[in-house]
Amino acid sequence: MKTLKFKLYQSNQNKHLKQSINAAGVIYNHCIALHKRYYRMWGKHLNCSKLQSHIAKLRKRKAFWQQVGSQAVQDICQRIEKAYQLFFKHHKKGVRPPGFKKVRRYKSFTLKQAGYKLLGGNRIKIGNRVYQYWNSREREGKVKTLTIKRTTLGELFMVVVVDSVEEPETKVETSRIAGARFRLENVSHLLRWNKNRITAIPETVP
């Protein structure tokens, strides 16, 4: 896998991506609240698949939540689950469970195989809108995930994870002039110039 990062052009419609990140932050906090409430009521951990199913139903009734793609919502639930599993495994070492985050400081959302389309040149379609980015490097391989990240300064970046492409092996032939050594079956001759005559020095090949 290889991770590539591209900066998006400054544009008025970038506000829609920022709203999507805010919506992702709201969904994240709602998921954390559900985890805490479920544990208080039942004394056990909320299953990730149950959480995803519940959030998917809520999303259909909340227009603001629909600014985040369904796969991005699933990814939020999965990230919370990973954080809880890390807490269960290493809580004795001081690892804390995932907690609430300020929406304005929430940083990103991630899409997998749907919700976006890479167009020609430096354009990408996310949802129903087309955005441009600085095509600062060549992108090769199949896209696995696409993440829109917001910095503390409000800049937006597109982080793409792709399958790394294996570079073909290149065979480099040794120059026949410089440093060439000619091997025969039993004997090779290393030629040496000595002024105007050639001296042949037999050398046995190991």
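**Group meeting: rings, sheets and cysteines in a predicted model**

I will start with the aromatic rings. Tyr84, Phe87 and Phe88 are joined into a cluster by ring pairs. Before going further, note that this is a predicted model. Over the whole structure, a search turns up five aromatic pairs. One of them is made by Tyr28 and Tyr106; the pair is tilted, with 5.6 Å from centre to centre and 45° between the planes. What does this pair tie together? Tyr28 belongs to helix α1, while Tyr106 is in the loop between α3 (70-90) and β2, so the contact ties together parts that are 78 residues apart in sequence.

Are these two tyrosines buried or exposed? Tyr28 has a relative accessible area of 7%, so Tyr28 is buried. Tyr106 also counts as buried, because its relative accessibility is 3%.

Tyr28 has a further partner. Lys101 lies over the face of the Tyr28 ring, at 4.9 Å from the ring centre. A second lysine is placed over a ring elsewhere: the charged end of Lys62 sits over Trp65, 5.4 Å from the centre of that ring.

Staying with helix α1, which spans residues 14-42, I want to point out Ser20. Ser20 counts as buried because its relative accessibility is 7%. Leaving aside residues up to four places away in sequence, Ser20 touches Gln67, Val68 and Phe109.

Now the cysteines. A disulfide is a covalent bond between the sulfur atoms of two cysteines. How many disulfides does a search of the whole structure find? The search finds zero. Why is there no bond at Cys31? The closest cysteine sulfur to that of Cys31 is in Cys77, and at 4.1 Å it is too far for a bond; the cut-off for a disulfide is 2.5 Å. Cys48 gives a similar account: its closest cysteine sulfur is also in Cys77, at 5.8 Å, again too far for a bond. As for their surroundings, Cys31 is buried, with a relative accessible area of 0%. Cys48 is buried too, and its relative accessible area is 14%.

Next, the sheets. Strands of a sheet pair through backbone hydrogen bonds, and the pairing is either parallel or antiparallel. One open sheet here has four strands, in the order β1-β7-β6-β2, and the pairing is antiparallel. Which strands form its edges? They are β1 (2-7) and β2 (108-111), each of which pairs on one side only. From one strand to the next, the twist averages 20°. Inside this sheet, β6 (residues 143-150) and β7 (residues 156-162) run antiparallel and are paired over seven bridges. To find a place in that pairing on the screen, look for Thr147, which stands opposite Val159 in β7.

There is also an open sheet of three strands, ordered β3-β4-β5, and its pairing is antiparallel as well. The edge strands are β3 and β5, and each of them pairs on one side only. In this sheet the twist averages 25° from one strand to the next.

Within the three-stranded sheet, β4 and β5 (residues 129-132) are antiparallel and joined by four bridges. Two positions are useful for orientation. Ile124 stands opposite Tyr131 in β5, and Ile126 has Arg129 as its bridge partner in β5. The hairpin of β4 and β5 has two residues between the strands, and Gly127 in that hairpin takes a positive phi near 70°.

My last stop is another glycine, Gly121. Where does Gly121 lie? Gly121 is in the loop between β3 (116-118) and β4 (123-126). Gly121 counts as exposed because its relative accessibility is 56%. Apart from residues up to four places away in sequence, Gly121 touches Tyr133 and Asn135. Gly121 and Gln132 are eleven residues apart along the chain, and their C-alpha atoms are separated by 9.0 Å.

To recap three points for anyone new to this structure: the search for disulfides finds zero. The pair of Tyr28 and Tyr106 ties helix α1 to the loop between α3 and β2. The two open sheets I described have the strand orders β1-β7-β6-β2 and β3-β4-β5.

Definitions and conventions. Residues numbered from 1 in each chain as written. Predicted model: local features only at pLDDT ≥ 70, side-chain atom pairs only at ≥ 80, totals over all residues. Heavy atoms only, no water. Buried < 20%, exposed > 50% of the residue type's maximum accessible area, 1.4 Å probe, protein only. Contact = heavy atoms within 4.5 Å. Pairing = 2+ DSSP bridges. Axes fitted to C-alpha atoms, helices over the stretch in contact; angles between N-to-C directions. Phe/Tyr/Trp six-rings, centres within 6.5 Å; stacked < 30°, edge-to-face > 60°. Lys NZ or Arg CZ within 6 Å of the ring centre and 35° of its normal.
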